[in-house]
Amino acid sequence: MSTDMAAEAIRQVRTVPVHRALPRLAKDPVNALAEFGREAGGEIVRLDLGPFRPYLVTHPEHVQQVLRSEWTNYRREGMFWRPLRRILGASVLDDGLPWESSRKILQPLFTARYVATLAEEMAKTIAVRVEELGEYARTGRPVDAAEEMSGIVSRTVIRVLFGDRMTREDGERLTPAYDLAANSINFRLLMPFMPYNIRIPGDRAFMSAVRTVDDVVFPVIRQARVDPGDSVDVISVLCRSTGGDGGAMDDRQIRDALVSVYGAASESTAMTMAWLWLTLDAHPEVAARLQAEVDSVVGSGPATPEHVPRLRYTRMVLQELLRLYPAGWLFPRMVMEDGEVGGVRIKAGSEVLITPYATHRLDEFWERPMEFDPERFAPEKQERRHKYAYFPFGGGPHQCLGQHLFYVQAPLIIAAILSRFRLTVRTPGPFVPSPAASLRLKKKIELDVSFADHARGEAR
């Protein structure tokens, strides 16, 4: 390329000035980033936040460049990752040998084939836990949507990770501790440049939650090391595995791997389930069709793995939910060497923000992007679109391991609930996402629980 042509290829980056960026980000950071991306039509945007000036990358071509084709130059390092490493540890979040070693061990445990071997046990665990909703139906007490969905999902994920090695009591300590850590990290994520020697709101609760997670997980690891056996649960496999240096993984490496996978697997499903009931309440026609499919395929239950492939509309609803409300809503990256994205020069040390929440709302790649329409994912109607126009599980070498687990677990949970109960939203809107580590609800959402007609007689 000639010097003149090269000069023409480099363009001035569009910048959102501080007086426009800060107020919008302070009010609603999740939607603000999506609005900046839509206003720019997917072009690179630089956000002027005073001393901190990250680049917002939303165009699928540019997302693919950062997450896949040039991923080694855009690493999971920098100020955004420090708060997460305090709960998840380093191995799974790093880009070097510890990450490669952990990924190599964990990846075979989350293939579609391997997940299928766990599905029967997952279905049984879900059925037992969902049946506990009957107490709310009998008493008329509402349930906290996020808390209840998290409880159902976590019980299932704990079974996959720990088998029968973790007691229900310890599981019920782990789940709220992780939830507390995920919620109390908000200020650190919004102010990643704040030094750690300065206490900010949420720090004390966060560290207390991390201690509880460690108090629960480390004893289970030590017990599993004594007799890892030949079980297929993840902790047993990790205890039998060797690290990148050929030696056994130490307790800390196993702990980091377990907590990271627990967070990814439970957060994605639990938060999607929480958003589901709000979305069904706002779209009764979708709710009716979803209910009709569960009635036809599952009947009065129980939901089994054999039902999952036939729950086609359920899968479409889940795919559309992940488009509008991706649990992993923000993927920050640090630039290692000077580079160029979308004709914009980006210097080493700069922060790049990638958010599926924004890309999934771009008018250039989605028809009626703000509307909830599961039909866009009907197999016979699938539009040809860029692979990275839709990436709720991330992309490239760091794509989430839990994708196959999600598409078995989530339909089983929906079918188990709708075959026995009816959930209605009690809390009035509007519903705003919270800028936590995952896409959580900003306020508590209460659901009323009632028995399905055919289950009412059994409950008496």
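Which residues in H14 meet which residues in H16? To find out, keep in mind that the model on your screen is predicted, and begin the tour at this pair of helices.

**Stop 1: H14 and H16**

Select helix H14, which covers residues 251–282, together with helix H16, which covers residues 312–324. On the H14 side, pick out Thr272, Met273, Trp275, Leu276 and Thr279, and you will find that they meet Val317, Leu318, Leu321 and Leu322 in H16. If you sort the residues of this contact by character, seven are nonpolar and two are polar, while no charged residue takes part. Now turn the view until you can follow both axes, which lie 10 Å apart and make an angle of about 100 degrees. Because angles from 65 to 115 degrees count as roughly perpendicular, H14 is described as roughly perpendicular to H16.

**Stop 2: H14 and H12**

Keep H14 selected and add helix H12, residues 203–226, whose axis is 10 Å from that of H14 and packs against it at an angle of about 120 degrees. This angle makes H12 oblique to H14, and the crossing of the two helices is right-handed. To see the contact itself, show Val210, Val213, Asp214, Val217, Phe218, Ile221, Arg222 and Arg225 in H12, and then Asp251, Arg252, Ile254, Arg255, Leu258 and Val259 in H14, which they meet. Here the contact residues divide into eight nonpolar and six charged, with no polar residue among them.

**Stop 3: the cavity**

Next, look for enclosed space. Rolling a probe the size of a water molecule over the atoms shows where empty space is left. The structure holds one cavity of 30 Å³ or more, and the largest cavity has a volume of about 30 Å³. Select Arg86, Ser184, Ile185, Arg188, Gly202, Asp203 and Phe206 to display the residues that line the largest cavity. Among these lining residues, two are nonpolar, two are polar and three are charged.

**Stop 4: the second largest pocket**

From the cavity, move on to the second largest pocket, in which about 500 Å³ of space lies. Its lining has 24 residues, and a good way to find its centre is to select Ala146, Glu147, Glu148, Ser150 and Asp179, which are the closest to that point. Which elements each supply at least two residues of the lining of this second largest pocket? They are strand S5 (143–144), helix H9 (145–162), helix H10 (168–184) and strand S12 (439–441). If you colour these elements separately, notice H9, since the largest share of the lining, eight residues, comes from that helix. Taken by character, the lining of the second largest pocket divides into seven nonpolar, six polar and 11 charged residues.

**Stop 5: three places in the backbone**

Finish the tour by zooming in on the backbone in three loops.

- Select Gly301 and Pro302, which are joined by a cis peptide bond with omega of about 0 degrees; Pro302 is found in the loop between helix H15 (284–297) and H16, the helix from the start of the tour.
- Go on to Gly429 and Pro430, where the peptide bond is again cis and omega is near 0 degrees; Pro430 lies in the loop between strand S10 (421–425) and strand S11 (433–435).
- Lastly, select Arg368 in the loop between helix H17 (356–359) and helix H18 (403–418), and check its phi, which is positive at about 50 degrees although this residue is not a glycine.

Notes
Residues are numbered from 1 along each chain as its sequence is written. This is a predicted model: local features need pLDDT of at least 70, side-chain atom pairs count only at pLDDT 80 or more; totals for chains, interfaces and linings use all residues. Side-chain values use heavy atoms; hydrogens and water are left out. On a 1 Å grid over the protein atoms alone, a cavity is a set of points where a 1.4 Å probe fits but cannot get out, and a pocket is an open set with protein on both sides within 12 Å along at least five of seven lines; lining residues have an atom within 4 Å of a point. Grid points are joined across faces, edges and corners, and a volume is the space filled by probe spheres set on the points. Ala, Val, Leu, Ile, Met, Phe, Trp, Tyr, Cys and Pro count as nonpolar, Asp, Glu, Lys and Arg as charged, and the others, Gly among them, as polar. Axes are lines fitted to C-alpha atoms, for helices over the stretch in contact, and angles run from 0 to 180 degrees between N-to-C directions. Helices (H or I, at least four residues) and strands (E, at least two) are DSSP runs, numbered from the N terminus. Angles under 35 degrees count as roughly parallel, over 145 as roughly antiparallel, 65 to 115 as roughly perpendicular and the rest as oblique. A crossing is left-handed if the near helix is turned anticlockwise from the far one by less than a right angle, and right-handed if clockwise. Contact means heavy atoms within 4.5 Å.
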